[in-house]
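Morning, everyone. I have one structure to show and a few backbone details to go through. Here it is.

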Amino acid sequence: MTAKRLTGKEVTEKLIEDLSSRCEALKKKGTVPCLAIVRAGENASDLAYERGALSRAEKVGVDIKKYVAPQDASTEEILAVIDEINKDDSIHGILVFRPMPSQIDDEKVRNAIDPAKDMDGVTDGSLAGVFSGRDLGYPPCTASACMEILDFYRIDPKGKKAVVIGRSLVIGRPAAMMLMNKNATVTICHTRTDREDLVKYCRNADILVAAAGVADNVTSELMAPGQIILDVGINVDEDGKMCGDVRTCDAERIAEAFTPVPGGVGGVTSAILMKHVIEAAEKKREKVIRKR
């Protein structure tokens with residue numbers, strides 16, 4: 001029996017339908033949800049993500065303001081842009097394309113963002129919210145997309161054993177905390193985990209999140225029947241085609257269900273970005289009303 005594909009298209013369509021109605025409701029009340037995109041230079045991957053965000057924003061009804069700095073911009077120049085956006089009440093969210101050019105101090109830039117406008121969970125304040133379970137900022141969009149897929153397909157992590165391969169602050173660690181908040185028992189592995197241990201932990205998992213960023217990192221020896229596998233990896237194979245961390249042919253044969261690459265988690269991520277912008281606009285409006 002072939003494993004079920006947990007495709008992102010259905011999840012995204014449902015999200016867009018819900019977000020479009022919420023966005024329209026805000027506009028009728030005089031609030032236009034708005035996202036500021038900040039990038040330095042013309043990096044190809046940044047431009048590709050930007051096009052995707054613009055397309056998704058147009059479908060939902062979110063406004064986008066672009067702030068483009070030259071490739072040789074200084075840290076001070078980027079900080080000035082962030083400060084301007086933080087002070088602009090018409091802008092509800094900020095997305096900074098990272099990594100920025102090497103001369104820019106990444107830590108200073110990301111922590112200059114107002115956590116209330118941090119749409120992709122890059123500030124220390126937002127990450128503190130993820131790890132403490134408090135309502136501070138927003139979690140990283142990709143980790144949120146994993147949870148959204150589980151929710152959509154009615155896969156409840158409660159009481160299940162989950163293994164996350166990857167320990168980055170962008171995906172691995174936030175995904176682990178969000179699974180724990182859903183009452184899963186979570187183990188974090190990574191590229192330095194002994195292979196024998198990795199096999200042992202992964203084969204014992206009910207939910208496996210592959211987020212190490214290594215093509216074909218998860219093969220049949222790490223899989224077990226009945227598993228749910230979320231493939232977060234974005235890699236390019238030797239033929240120049242996009243692939244994930246999971247060997248698809250093995251997942252199809254062994255797992256109960258898995259997210260394909262492309263067509264899985266990545267497609268949901270940009271919709272989650274719009275969800276965060278609309279939530280920020282809703283919170284901002286409620287705060288203004290309470291002050292009156």
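I'll take a sheet, then a helix, then some unusual backbone geometry.

Keep in mind that this is a predicted model.

Start with the sheet. It is open and has three strands, in the order β3-β2-β4, with parallel pairing. Which strands sit at the edges? They are β3, residues 63-69, and β4, and each of these pairs on one side only. From one strand to the next, the twist averages 20 degrees. As a reminder, strands of a sheet pair through backbone hydrogen bonds, either parallel or antiparallel.

Now look at one pairing in detail. Strand β2 covers residues 34-40, and four bridges join it to β4. One contact to click on is V38, whose bridge partner in β4 is V96.

What lies across this sheet? Helix α2, residues 44-60, lies across β2, β3 and β4. Its direction is at about 170 degrees to β2.

Next, helix α6. It runs over residues 141-152. Does its length make sense as a helix, or not? At 1.5 Å a residue, twelve residues should span 16 Å, and the end C-alpha atoms are 16 Å apart, so the two agree.

How many of the twelve residues of α6 are buried? Ten are, so the helix is mostly covered, with buried meaning under 20% relative accessible area. Among them are C141, C146, M147 and E148. I150 is not a name you will find there; the residue at that place is L150, and L150 is buried too.

Step just past the end of α6 and you reach R154. R154 sits in the loop between α6 and β5, residues 161-165. What is its phi? About 55 degrees, a positive value, although R154 is not a glycine. Is R154 buried or exposed? R154 counts as exposed because its relative accessibility is 79%.

For context, most residues other than glycine have a negative phi, and most peptide bonds are trans.

N183 is another case: its phi is positive, about 70 degrees, and N183 is not a glycine either. Find N183 in the loop between α7, residues 172-181, and β6, residues 185-189.

Last, the cis peptide bonds. One joins R98 and P99, with omega about 0 degrees. P99 belongs to the loop between β4 and α4, residues 106-112. Another joins V261 and P262, with omega about -5 degrees. P262 is in the loop between β11, residues 257-258, and α10, residues 265-291.

That's my list. Over to you.

Note on methods
Residues numbered from 1 in each chain as written. Predicted model: local features only at pLDDT ≥ 70, side-chain atom pairs only at ≥ 80, totals over all residues. Heavy atoms only, no water. Helix = DSSP H or I, 4+ residues; strand = E, 2+ residues; numbered from the N terminus. Expected span 1.5 Å × (residues − 1). Buried < 20%, exposed > 50% of the residue type's maximum accessible area, 1.4 Å probe, protein only. Pairing = 2+ DSSP bridges. Axes fitted to C-alpha atoms, helices over the stretch in contact; angles between N-to-C directions. Contact = heavy atoms within 4.5 Å.
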